[in-house]
Amino acid sequence: MDQKNKDLEKFLNFLSGKSKNTAPSDGDNVIKMSKKGPLNPKKYISLVVTLTVVFAIAIILFANVYIVKESEYAVVRQFGEVVKFERDPGLKMKVPFIQSVTTLPKNQMTYNISEEEINTKDKKRIIIDNYAVWRITDPKALISNAGTLTKAESRMEEFIYSVIRTELGQLKYDEIINDENSSRGSLNDRVTARVNELLLNDKYGIEVVDVRIRRTDLPAENEQSVFTRMVSERQSTAQLYLSEGDADKRRIEAQTDREVQEMLATANKEAALIQAEGEAEAAKIYNSSFSKDPEFYSLYRTLESYKKTVGEDTVIILPSTSPYAKVLSGYIE
């Protein structure tokens with residue numbers, strides 16, 4: 001037993017860094033051992049076990065602490081059953097080994113709904129492509145009735161498609177695609193309200209914020225025929241506009257010609273009146289002048305007549321005794 005104690009003490013001295021040369025003699029060992037007593041290995045074993053247990057407990061505690069973020073709900077399950085929901089953000093604790101934590105988003109999400117084909121009121125097929133903005137309002141109801149987020153989205157998609165098919169089935173094709181003459185009105189608002197009613201009745205714990213139609217399209221086999229018909233309608237509309245334009249043109253031209261004729265008649269009438277007044281005034285002047293000096297007036301009128309009757313190649317045959325010829329020849333008495 002003493003030899004074992006000595007060997008253990010040598011081993012501890014070696015671990016503590018003491019030199020082999022400073023090792024005490026056998027006498028000293030006997031004295032020291034007699035003072036300290038024999039070493040007990042159980043103390044070291046218990047220390048190691050204690051540290052191991054503390055370390056394991058710390059790991060278990062840290063492993064079972066979880067953080068609830070501002071943008072999510074925390075769902076705590078125990079043996080697969082939901083035991084509580086954490087809505088407030090912060091540091092939370094779960095029971096080790098028997099509880100697990102999953103999260104659900106709290107913010108608004110966008111869900112792209114699959115393209116579906118529907119029939120309009122006039123029995124025409126169109127393809128609708130839309131999307132929905134939605135959020136979780138009651139995670140407990142969602143887990144209880146839908147089970148998972150994927151199933152909740154699937155049910156929401158079914159409701160949206162059903163409501164849109166009902167709403168657009170009451171409209172004609174032209175009313176849906178023609179923005180200038182559309183009867184859709186607040187279709188998005190009606191669809192959103194109706195879908196929320198269905199979700200609330202089934203208690204799925206989700207709410208649709210908005211439903212929007214991204215695009216309406218035609219099946220591939222109908223595109224060419226509809227395109228041809230649309231071209232024909234546009235050509236008919238263009239021809240109607242051209243006909244109306246020609247009619248307006250002829251009407252405006254006829255009205256303008258009538259106004260021009262009226263203006264010309266009025267102007268001619270006023271010109272005739274002015275001319276008649278001028279001739280009357282000229283006659284008065286001529287009469288007044290003639291009465292003052294008849295001979296001069298006769299001479300002036302004769303000279304004026306020469307301007308019209310006499311030219312470079314004019315040949316006048318008059319008797320020599322004619323007063324007209326006398327004036328022309330320069331003979332004046």
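A residue counts as buried when its relative accessible area is under 20%. In this predicted model, Met-109 falls on that side of the cut-off, because its relative accessible area is 16%. Met-109 belongs to strand β6, which covers residues 109-112. A helpful long-range contact to look at here is the one with Trp-134: the two residues are separated by 25 positions in sequence, yet their C-alpha atoms are 5.4 Å apart in space.

From a buried residue the description can move on to empty space. Rolling a probe the size of a water molecule over the atoms shows where such space is left. In this model, one cavity of 30 Å³ or more is found, and the volume of the largest cavity is about 50 Å³. Which residues line the largest cavity? The lining consists of Ile-113, Ser-114, Glu-116, Ile-118, Ile-128, Asn-130, Ile-160, Tyr-161, Ile-164 and Arg-165. Three elements each give two or more residues to this lining, namely β7 (116-119), β8 (125-136) and α5 (149-168). Helix α5 supplies the largest share, with four residues. Sorted by class, the lining of the largest cavity comprises six nonpolar, two polar and two charged residues.

On the outside of the model, a nonpolar patch is formed by Ile-45, Val-49, Val-53 and Ile-57, whose accessible area together is about 350 Å². Ile-57 is part of helix α3, residues 41-63. Is Ile-57 buried, partly exposed or exposed? With a relative accessible area of 44%, Ile-57 is partly exposed.

Charged pairs come next. Side chains of opposite charge can pair when their charged atoms come close. The count of salt bridges in this model is 13. One of the pairs joins Asp-138 to Arg-87, with an N to O distance of 3.7 Å. This pair links distant parts of the chain, 51 residues apart: Asp-138 sits in the loop between β8 and α4 (139-146), while Arg-87 sits in the loop between β3 (81-86) and β4 (90-93). Both partners can be placed by their accessibility: Asp-138 is partly exposed at a relative accessible area of 28%, and Arg-87 is also partly exposed, at 37%.

A further salt bridge brings together the side chains of Arg-190 and Glu-167, at 3.2 Å from N to O. Arg-190 lies in helix α7 (residues 187-202) and Glu-167 in helix α5, so the pair ties together parts of the chain that are 23 residues apart in sequence. Arg-190 is partly exposed, with a relative accessible area of 33%, whereas Glu-167 is buried, with a value of 17%. Helix α5 thus turns up in this pair as well as in the cavity lining.

The side chains of Asp-210 and Arg-212 also meet in a salt bridge, with 2.7 Å between N and O. Arg-212 is partly exposed, its relative accessible area being 36%. Beyond these pairs, a network of salt bridges links Arg-155, Glu-158 and Asp-202.

The last feature concerns the backbone. Most residues other than glycine have a negative phi. Lys-203 has a positive phi of about 55 degrees although it is not a glycine. Where is Lys-203 found? Its place is the loop between α7 and β9 (206-217). Lys-203 is exposed, because its relative accessible area of 57% is over the 50% cut-off for that class.

Technical notes
Residues are numbered from 1 along each chain as its sequence is written. This is a predicted model: local features need pLDDT of at least 70, side-chain atom pairs count only at pLDDT 80 or more; totals for chains, interfaces and linings use all residues. Side-chain values use heavy atoms; hydrogens and water are left out. On a 1 Å grid over the protein atoms alone, a cavity is a set of points where a 1.4 Å probe fits but cannot get out, and a pocket is an open set with protein on both sides within 12 Å along at least five of seven lines; lining residues have an atom within 4 Å of a point. Grid points are joined across faces, edges and corners, and a volume is the space filled by probe spheres set on the points. Ala, Val, Leu, Ile, Met, Phe, Trp, Tyr, Cys and Pro count as nonpolar, Asp, Glu, Lys and Arg as charged, and the others, Gly among them, as polar. Patches are made of residues with over 30% relative accessible area and no salt bridge: like charges are joined within 9 Å, nonpolar side chains (Val, Leu, Ile, Met, Phe, Trp, Tyr) within 5 Å. Accessible areas come from the Shrake-Rupley method with a 1.4 Å probe; for residues, only the protein chains shown count as cover. A salt bridge is a side-chain nitrogen of Lys or Arg within 4 Å of a carboxyl oxygen of Asp or Glu. Buried means under 20% relative accessible area, exposed over 50%, partly exposed in between (1.4 Å probe, protein chains only).
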